[in-house]
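Trainee: Please take me through one part of this model in detail. I would like a close look at where the two domains meet.

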Amino acid sequence: MSIVTVQLGQCGNQIGHEVFNAICSDVHGTHGLCSKKENESYHDACKERFFSEEESEVPVARAVLVDMEPKVISQTLSIAARSGYWKYDDRSHFCQKQGSGNNWANGYSVHGPRHKEVIMNLVQKEAEKCDRLGGFFTIMSMAGGTGSGLGAFVTQCLRDAFPTSFILNHVIWPYGTGEVIVQNYNSVLTLSHLYRSSDALLVHENDVIHKICAQLMKIKQISFRDVNQVIAHQLGSVFQPTYTAEGGLHYSRNPLGDLMETLVPHPEFKMLGLRNIPQMPENSLPYSTFSWPGLIKHLRQMLIANAKMEEGIDWQVRPPQLGSSIPSSHSTNKPMHFNTSIANLVILRGKDMHNVDLGSFRDPSLYTSWLNPQDAFNASLFQQSKVMMNKLEDSSYALVETFLCLKHDGRVRNTEQCICSVDKAYIHQYTKFGIEEEDFLDSFTALEQVISSYTIL
Amino acid sequence: KGIYDESLSSFFRNVDTRSGGDGPDIYKGKICSLKARALLIDMEEGVVNEILQGPLRDVFDSKQLITDVSGSGNNWAVGHKLYGCQYRENIVEKLRKTAEHCDCLQCFFIIHSMGGGTGSGLGTFVLNLLEDEFPEVYRFVTSVYPSGEDDVITSPYNSVLAMKELNEHADCVLPIENESLFDIVNKIHQMISSGKLGSTVKQNSLVTSSAGSTKTVQEKPFDSSGVALAMIVLELNSARFEGSLNMDLNEISMNLVPFPRLHYLVSSLTPLYTLADVNVPSRRLDQMFSDAFSRDHQLIQADPKHSLYLACALLVRGNVQVSDLRRNIERLKPSLHFVSWNQEGWKTGLCSVPPVGHSHSLLALANNTCVKPTFIELKDRFMKLYKKKAHLHHYLHIDGMEQSCFSEAISSLSDLIEEYNELDATKGGPRTDPSRLKIAV
């Protein structure tokens, strides 16, 4: 089944390009750990999912590139073509000249309706190229104007045009100390709108990835390219073909569907987070060894203690004891900082996986009470030691669903401060394009609702 | 001759001179003849003639000029009411023509001074025109404010009358004071002559140098102002180049203007010179960021560090990465005061193409209450004259000018000062967290 990627805005296009790069280089890497036949079937599955074979010699990415100004798209197209391994379809892009000015209202209320037909036509074309459409994967940032505003609008259109397809939105949470001053407004508006039309939102935070680059990857002068490459690596590891736990011999035919099924049992809880282990610079590899039990243990603690990388994990945090005296009011019973999951998905890539014991993830104390642990946890295995860019031999990834309550709290509150203060800073920029105060209030209410649902867990 | 590309096309057209400049524009390929997308307006001919005889004469088309003979006599009313009326149609027609040559018109840059008659009066008249004729296009204004020892006696009147127009019709104003520019130029020359920099200053890297030679301060000081101004406009427009985090002009307006009337931005440009070594250790880079916030580098006489920030934008060009940006923001933040509801009020942009002669550069734009003293001084100088009704008759006998123009203008300025006062009053106060929305669970 194929996935169509929609890259929105500067961030979406820059990351999308790195993702296809990562996937392509994975496919072309040579590994001696599995049979040639297995290699080939992996190649084919991967290619079908993300690329289409056309008359050109190189595979063509199944993607639609959208931006309101031309520089990034033209750069992305040309860099991809120069690689020689893959490229984008020359017609599958749409851009304008002026940008959205970091204004969500501009992206959503002006550019969206104005260019809806053209953009949806492009998407339709890509969808038709697929033998079987598995769903849509959109990439966008929340801070700017195009990715956030136009992205929210496009997601809505996708939902209307393809009511039965899966839509996974990948959103980038901006740096805390600002890339864009009005990012809080843009983020709140985006989140509340996406929640309505999307099936799941996968969040990556710039601050977190930056830390990973600095502390784990030991990059001295971190550029956005470095950040994007880490993100692409993580995404690729999720989307590359895997076997399901039951069907050991076939690749999962419905990647997005499987993801949604496992991780989004209830439509109120759509936020996904991703944790990946191990992460390190390529030149450290020859000096490191890993074992599955070690990796699993770290990953589990990362999950429980809400740590985003394998350094600095708080090992003190433990899940609450089940069956203890207090039947109601979970909140008093829970230790601080403990992360309750709704559902988890662990994806393992590497060798010798049959012996891996994932029982620790099945511990019911990790999960909310209203889901059976059997349903809440799933594992996806991949036999071959196909490694991603970093040529790791064993790597394990887990996809967990939690809601980053504290972080979100901070940002949403900041935004509310702007609005609730008498001055109503920056609002005139939005009303210029048709977003009124009530729209802001609606968004706040929607998000507060989501926050409280998660807090109750 | 070079290649005409997208970045050049934001400021210039490429025309085939054989057809007299009226032919269709050449969009790609070699540069044939560059014509600036500009309109030069002056009510006396001296300056424009000088330009037309200088090295840039081919860049300006005679059809892009509007001149008269006698000047405006340093009288805002003459510029705004008299010449405005007279030249209105001519100006509109030329503007339309220039706009038609643009694929996508994003913004108008108005460059003028506040103290005189033409720049101030006719300039603000054109500002009004632009709003009427092209309401969706951004209007950026770089205004040169008169200094205390200005030899034009009526400059306070002209400036205040112009301020009202800027308050109401500009999207963004970047005030510049000649005093600051002179100080900066002086400092550079001092450093060179004191031998501190030695021979390591790169040729052509000084803000003041042109054609490879450094000029002494006495010669043509206003040239330096012009150059500094030009550099700001160029920096602001680095969106025409690629970068990992593009920052466009409309984003500047969006992020730096929280309330429509508070659109005055204090700017600073660093570095002012480059040393000869090309490898930039991060110490130097960090120095560039520190300089951007020091009062010596601001282009008006103001100290943003001791006033209140409403918002701040940093536009970096050259081989600078996001981690350098982050590091410096973290480092400088504690010493800056931001308004309570915008504590994280930073807008950043990264452009990979450095300016000519430098390996990297930084333009800092701040919406900061430190502009207030400039306005207060202007108001004081205005009131000194106005109380005595000095020179008023020169203005009042122009058709369309009445006493009310003056009273409205000064009240507009007072209101603006009051808005800044209110914000300043919140500085250092306790941060009140407004209550969050309560929803029924």
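Mentor: Here is the domain interface, from its bounds to its chemistry. This is a predicted model: local features need pLDDT of at least 70, side-chain atom pairs count only at pLDDT 80 or more, and totals for chains, interfaces and linings use all residues. Residues are numbered from 1 along each chain as its sequence is written, chains are lettered from A and ligands numbered from 1 in the order in which they are written, and side-chain values use heavy atoms, with hydrogens and water left out.

Chain A is assigned domain 1 (2–242) and domain 2 (410–456); such bounds come from an automatic or database domain assignment. The C-alpha centres of the two domains lie 27 Å apart. Domain 1 of chain A puts 22 residues into the contact and domain 2 of chain A puts in 20, where contact means heavy atoms within 4.5 Å.

The buried area is about 1800 Å², with 67% from carbon and sulfur atoms. Buried area is the accessible area (1.4 Å probe) that two parts lose on being put together, summed over both. In domain 1, Asn184(A), Tyr185(A) and Val188(A) lose the most area to domain 2, together 36% of what that side buries.

Two elements each give two or more residues to the domain 1 side: α4 (104–129) and α6 (183–197) of chain A. Helices here are DSSP runs (H or I, at least four residues), numbered from the N terminus. The largest share, nine residues, comes from α6(A).

Between the domains, the salt bridge count is zero (Lys or Arg side-chain nitrogen within 4 Å of an Asp or Glu carboxyl oxygen).
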